[in-house]
Amino acid sequence: MTDPLYDVLVLGAGPGGYAAAIRAGQLGLRTVVVESAQLGGTCLNVGCIPSKALIHAADTFAAAVRSSAGSDPMGIRAGTPSIDLAATVAWKDRMVGRLSSGIGALLARAGVTTVTGWGRVLDGKTVEVESDGPHPPRLLQARNLVLATGSRPVELPGLPFGGPVATSTDALAWCDLPDDLVVVGGGYIGLELGTAFAKLGTAVTVVEATDRLLPSFDASLVPPIERRMRQLGCTVLTRTKVTGQTATGVRTLAADGTAGELTAGRVLVAVGRAPSVEGWGLDDLDLDRDGPFVRIDDRCRTSMTGVYAVGDLTGDPMLAHRAIAQGRLVAEVIAGQPRRWDNVCIPEVVFTDPELVCVGMTPEQARQADVDTIEASFPYTASGRASTTADPSGFVHLVARRHDHVLLGVQGVGAQMSELSATFGLALEMGARLEDLAGTIVAHPTRAEALQEAALAALGAPMHV
Ligand code: FAD
Ligand code: NAD
């Protein structure tokens, strides 16, 4: 059976794909989206949303544990807490199901046709969709094709997934708590989920190949996170790799050649993600690539006319908000609008304890670009609001151009920093100067005052000592 000719066919309904399809539908383009699994992709089903749900549950549990241990500085005392992880997972699944249905409703409201099944691109205009059941494959044709197949976890040689060796997807579905857990990779997933499991009572060991945790971020941001992990009883092994499994755990090899073994009931492998490029006909398309990724230009166009790509398939940073922004952009480009990728920044947020944020240029990047800069910080120990929450760890650090005071970047670590990332991003996109930040009246007492305080310090008029 062949459907009518569509204007746009989107392959994959993760954040990149569903954003593209919804926007294309809203713009009056006849659109179809093909998805083999649940609407919402990695982010909604096994990524951003379930991981933040687990982190929130773990934070709530950890606060109860503190109170029951009599160590809550605010004087709150509680009985012995317990957690029913199966109930937590069921709560998370209901919430994800509701949000996934919401995406279905948004697609329907935009007039988009949703087809469930595995899509295989036959040429730049035709996709064959195989569904479960005895039906013959369905052929879909479109003038424009948007590739949004996302990414998958990287597997390590010697540590195949299965049994005790888990992906983040497996870990987010665990209904019982491991006594001990080795986390391979001290990046985004390793630290977000490792910290959450430590708060729930698991003995966590993080094994990181480089010389420090979160190696893709400025080193100054990491100590408060590592300190908190150690308080939670986590062991951190840097300059160490996991080389294989043993009967009771894993084998390790340190950079100095020392071999070791770790006991582990379970192992979470979080050493990065690779684009999903297999099994759907990419090799037959002969598109230009950047390593494993599909190469795109600033309009999300690939090297083949009428074929576009968005999201994790197109490279780093593999973040949902980048995929969503690309998805909206690609629909507007296909509709003939004069759009191009001209964003100043893509915020990076790690939902550790405390949270880490990096928006725009780091001081090091500014130095490498030979920019003459001013830098200033504000420590949360000097924040009234942070003190009222009994969590004054962390700081905000900004970098601005010296000659015109235009903000170049903000980094920080502290509680609720993820929410502040929006303010930092807005300031950067608006081309704010230090005087704008210093002169904006910010509600007191809030954690958001930190940016204003850092700007005042940069201008030589600090309010804090
Ligand atoms: P995906 O979300 O991977 O979606 C691709 C979709 O395409 C999938 O649904 C897949 O089933 C479908 N598909 C693939 N091939 C085919 C085919 N041939 N036929 C039909 N369907 C197909 N990012 C953040 O910004 N913030 C976070 O807090 C965050 N937390 C994360 C936590 C975890 C544990 C993980 C794993 C990731 C996290 N990410 C986070 C990253 C984020 O999930 C991804 O960047 C985002 O999902 C990428 O969107 P995408 O649309 O490119 O691809
Ligand atoms: P990552 O790139 O963040 O971290 C991987 C870590 O593993 C790195 O520190 C790396 O040095 C280390 N590593 C690599 N090989 C190793 C080995 N053999 N032994 C020990 N360590 C090794 O990757 P991730 O944590 O798997 O996350 C994948 C991607 O998902 C992220 O890059 C990010 O784009 C996205 N993500 C984002 C968020 C968020 O926005 N809050 C959360 C989770 C995931």
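**Exercise 1. Get your bearings in the fold.**

Task: How many helices and strands does the chain have?

Solution. The chain comes to 14 helices and 24 strands, where helices (H or I, at least four residues) and strands (E, at least two) are DSSP runs numbered from the N terminus. Before going on, know that this is a predicted model, in which local features need pLDDT of at least 70, side-chain atom pairs count only at pLDDT 80 or more, and totals for chains, interfaces and linings use all residues. Residues are numbered from 1 along each chain as its sequence is written, chains are lettered from A and ligands numbered from 1 in the order in which they are written, and side-chain values use heavy atoms, with hydrogens and water left out.

**Exercise 2. Size up the chain.**

Task: What radius of gyration does the chain have, and what would a compact globule with 465 residues have?

Solution. Start with the rule: the radius is taken over C-alpha atoms, and the globule value is 2.2 Å times the number of residues to the power 0.38. For 465 residues that gives a value near 23 Å, and the chain has 24 Å, which agrees. Next, look at the extents: the C-alpha trace spans about 70 × 60 × 45 Å along its principal axes. Then check the burial: 49% of the 465 residues are buried. Here buried means under 20% relative accessible area, exposed means over 50%, and partly exposed is in between (1.4 Å probe, protein chains only).

Finally, split the chain into domain 1 (6-46 + 89-153 + 274-334), domain 2 (165-271) and domain 3 (348-458). Those bounds come from an automatic or database domain assignment. The centres of domain 1 and domain 3, over C-alpha atoms, are 35 Å apart.

**Exercise 3. Work through the site of ligand 1.**

Task: Which residues come closest to ligand 1, and which elements surround it?

Solution. Begin with the shell, counting a residue as near if one of its heavy atoms lies within 4 Å. Ligand 1 has 37 residues around it, and Glu35, Thr42, Lys52, Asp312 and Ala320 are the closest.

Now go for polar contacts, meaning pairs of N or O atoms within 3.5 Å; within protein, one must be able to donate a hydrogen and the other to accept it, and residues adjacent in sequence count only if both atoms are side-chain atoms. Backbone N or O atoms do the job here: one of Pro15 sits 3.3 Å from an oxygen atom of ligand 1, and one of Met318 sits 3.1 Å from an oxygen atom of ligand 1. For a nitrogen atom of ligand 1, the partner is a backbone N or O atom of Cys48, at 3.5 Å.

On its own, ligand 1 has 1,000 Å² of accessible area, and the protein covers 92% of that. These areas come from the Shrake-Rupley method with a 1.4 Å probe; for residues, only the protein chains shown count as cover. Elements giving two or more residues to this shell include helix H1 (15-26), helix H3 (48-68) and helix H9 (320-334). H2 gives the most, with four residues.

Last step, the chemistry: 16 nonpolar, 17 polar and four charged residues make up the shell around ligand 1. Ala, Val, Leu, Ile, Met, Phe, Trp, Tyr, Cys and Pro count as nonpolar, Asp, Glu, Lys and Arg as charged, and the others, Gly among them, as polar.

**Exercise 4. Do the same for ligand 2.**

Task: What share of ligand 2 does the protein bury, and which element gives the largest share of its shell?

Solution. Of the 24 residues around ligand 2, the nearest are Ile189, Glu192, Glu208, Met318 and Val349. A polar backbone atom of Tyr188 is 3.1 Å from an oxygen atom of ligand 2. Two backbone N or O atoms pair with nitrogen: that of Ala209 at 3.1 Å and that of Val349 at 2.8 Å. Taken alone, ligand 2 exposes 850 Å², of which the protein buries 80%. H6 supplies the largest share of the shell, three residues. By class, you get 13 nonpolar, six polar and five charged residues.

**Exercise 5. Hunt for backbone oddities.**

Task: Where are the cis peptide bonds, and is Leu214 buried or exposed?

Solution. Keep the background in mind: most residues other than glycine have a negative phi, and most peptide bonds are trans.

- Asp316 and Pro317 are joined by a cis bond with omega about -5°; Pro317 is in the loop between strand E19 (307-309) and H9.
- Asp353 to Pro354 is also cis, omega near -5°.
- Leu214 has a positive phi of about 45° and counts as buried at 1% relative accessibility.
- Asp286 has phi near 60° and counts as exposed at 67%.
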